[in-house]
Amino acid sequence: MYDSSTDAQTTISSAGQIGSALTSLLMAEDIDPGSPPAYELCKTIHAYHPLGAVLADAPITLAQSKAREIAIGVLGEARLIARFQDVWDSIGKIGATVILHNQLKTSRIYGIASIAVGEVGKDPATPLDLTKIAEADLFFNVLDPLNTAGSLVLNQDPNSPEFLKPSGGAMTIAGVKWHPSRLNVKMNEQPLYIEWSPSAFGFVGRSVYQRALYPLRTFVQSMITDQMVTQKAGLLVAKMATPGSFIDNVMQSMFGWKRSKIKAGATGQVLSIGIDEEIETLNMQNLDKAAEFARHNCIKNIATAAGMPASIIAQETLTEGFGEGTEDAKKEARYLDYIRQDAKAQYDFMDRIVMRKAWTEEFYESLKVDYPEYRKIPFETALLDWIRAFSARWPNLLEEPDSEKSKTADVQFKAVVALLETLGPMLDPENKAKIVAWAAENANERPELFAAKLDIDEDKLREHLEAEGERMLEMGQGAEGEREPTEPRPFSNVA
């Protein structure tokens with residue numbers, strides 16, 4: 001600390017140690033390339049490292065950025081989907097998307113993670129009965145390897161059916177047995193034979209930080225460099241004439257006063273210095289390129305080690321974005337498609353529970369009011385039909401801009417019109433009504449071309465075409481050979 005009266009530097013010492021778990025662990029000398037991270041280090045990296053959450057959370061967040069498109073090709077589809085989505089968003093008090101995000105994220109942090117489905121007031125050692133969970137008070141816990149330590153070591157016997165697979169038997173969680181039907185296990189990467197993962201306490205998957213540990217340490221060092229540059233960038237260097245070998249208190253105070261004035265000087269003020277004196281800033285012109293090069297390579301090394309695009313780690317704003325289909329966007333989209341596919345088992349596990357929780361007998365009774373056809377069908381039969389018809393598809397992350405969507409829709413609709421003009425004149429009234437209704441459906445699927453929907457009553461159109469055909473026959477124009485052949489007319493009502 002500067003003392004203007006004495007121009008001396010005072011050192012302040014503290015009885016406590018100033019530091020953090022991140023610097024003490026990552027800056028340890030024994031971390032070399034290939035060093036495996038332990039459980040505690042993985043937790044510290046995720047909690048405190050600037051890239052810790054990016055490596056573990058960002059891919060999951062981006063993959064879930066667009067909700068799945070649910071389809072159930074049965075009567076009352078809209079209401080079934082709405083009910084399913086309501087339960088999906090509220091189950092477990094935080095919603096299924098958040099539960100799955102926490103599991104997938106945790107598996108990336110440590111190498112393995114589990115979802116435990118419990119029922120309030122019921123022994124978790126009993127099987128999960130899907131037929132009785134509609135009224136059950138369910139809760140969902142995401143477990144890390146420390147919670148399941150000893151239960152998910154994985155079998156190393158190559159002759160066993162459970163070789164390198166999560167055990168099908170009961171698991172012990174904090175001394176309590178859980179039935180395997182209540183658990184879903186997710187590993188980050190597949191296990192290797194007799195390859196122990198210290199972060200996961202077993203021969204299981206491995207942390208996303210494992211291969212990237214050394215460059216993650218380097219990134220912390222680059223942060224220290226940034227802080228040093230920030231501190232020194234505002235340093236002023238004052239070249240002053242030496243007062244001589246004899247310095248008394250008066251001279252020392254005078255030079256201290258001059259330095260304090262230099263330090264306090266601001267724009268709009270005038271500072272006088274000697275003819276032989278000079279003031280300049282610290283020259284760092286050779287530092288920026290080296291620091292930027294090192295930081296860039298560090299991020300690329302982390303991305304390579306984690307097997308993910310560097311643009312996700314750097315959190316860069318893509319020049320064109322997902323919508324324009326740049327190369328970076330395509331790489332990210334391919335990677336995120338893999339993340340989605342890798343989580344399919346977890347989504348299937350949650351889908352089965354949500355369907356049973358959403359489509360209850362009470363809901364079925366309300367559905368019968370709007371759709372009387374269900375009154376003759378037992379609830380269990382209808383439920384099984386809904387489950388079999390259920391499908392969920394991830395939307396494409398690469399979206400075309402509106403201008404390109406319009407061009408694509410225009411080309412596709414021209415093909416629909418050409419098919420209609422070609423087949424229409426050759427069809428009987430029933431099939432002609434079907435193809436016109438099909439063309440209307442295609443038009444309604446293209447909001448880029450048509451603002452309003454085209455509503456075609458297929459039954460009335462069929463009746464009109466049949467009546468028109470009969471009228472033409474009565475007029476004597478329906479018999480073969482009574483009129484000259486003409487070119488087929490678009491949308492003609494005459495076969």
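**Notebook: cores, sheet and a buried lysine**

I began with the nonpolar cores and found that the largest has 71 residues, with Trp359 and Trp386 making the most contacts inside it. Helix H11 supplies the largest share of this core, seven residues. I noted a second, separate core of twelve residues, which includes Ala116, Leu143, Met171 and Leu183. I record here that the model is predicted.

I then listed the surroundings of Trp359. Setting aside residues up to four places away in sequence, Trp359 touches Ile72, Leu80, Arg83, Phe84, Phe379, Leu383, Trp386, Ile387 and Phe390. Trp386, one of these partners, is also the residue named beside Trp359 for its contacts within the core. As background, I noted that nonpolar side chains tend to be buried together in soluble globular proteins.

**Overall figures**

I counted 16 helices and eleven strands in the protein. Of its 495 residues, 35% count as buried. The protein exposes about 29400 Å², of which carbon and sulfur atoms supply 54%. I also looked up contacts with a separation of 6 or more: residues 24 or more positions apart account for 70% of them.

**The three-stranded sheet**

I traced an open sheet of three strands in the order S5-S4-S8, with antiparallel pairing. Its edge strands are S5 (138–143) and S8 (183–187), each of which pairs on one side only. From one strand to the next, the twist averages 15 degrees.

I followed the pairing of S4, residues 112–119, with S8: the two are antiparallel and joined over five bridges. Ile112 stands opposite Met187 in S8. Helix H11, residues 344–358, lies across S4, S5 and S8 and runs at about 155 degrees to S8. H11 is thus noted twice, here and as the source of seven residues in the largest core.

**Lys186**

I next asked myself: is Lys186 buried or exposed? Lys186 has a relative accessible area of 6%, so I entered this residue as buried, the cut-off being under 20%. Its place is in strand S8.

Which side chain makes a polar contact with the side chain of Lys186? I found that of Asp342, at 2.8 Å. Leaving aside neighbours within four places in sequence, I listed Gln103, Leu104, Ser107, Gly111, Ile112, Ala113, Asp342 and Gln346 as the residues in contact with Lys186. Among them, Ile112 is the residue I had already entered opposite Met187.

Methods: Residues numbered from 1 in each chain as written. Predicted model: local features only at pLDDT ≥ 70, side-chain atom pairs only at ≥ 80, totals over all residues. Heavy atoms only, no water. Pairing = 2+ DSSP bridges. Helix = DSSP H or I, 4+ residues; strand = E, 2+ residues; numbered from the N terminus. Axes fitted to C-alpha atoms, helices over the stretch in contact; angles between N-to-C directions. Contact = heavy atoms within 4.5 Å. Buried < 20%, exposed > 50% of the residue type's maximum accessible area, 1.4 Å probe, protein only. Areas by Shrake-Rupley, 256 points an atom, 1.4 Å probe, with all protein chains shown as cover. Core = buried A, V, L, I, M, F, W, Y, C linked by side-chain atoms within 4.5 Å. Polar contact = N/O pair within 3.5 Å; in protein donor to acceptor, adjacent residues only side chain to side chain.
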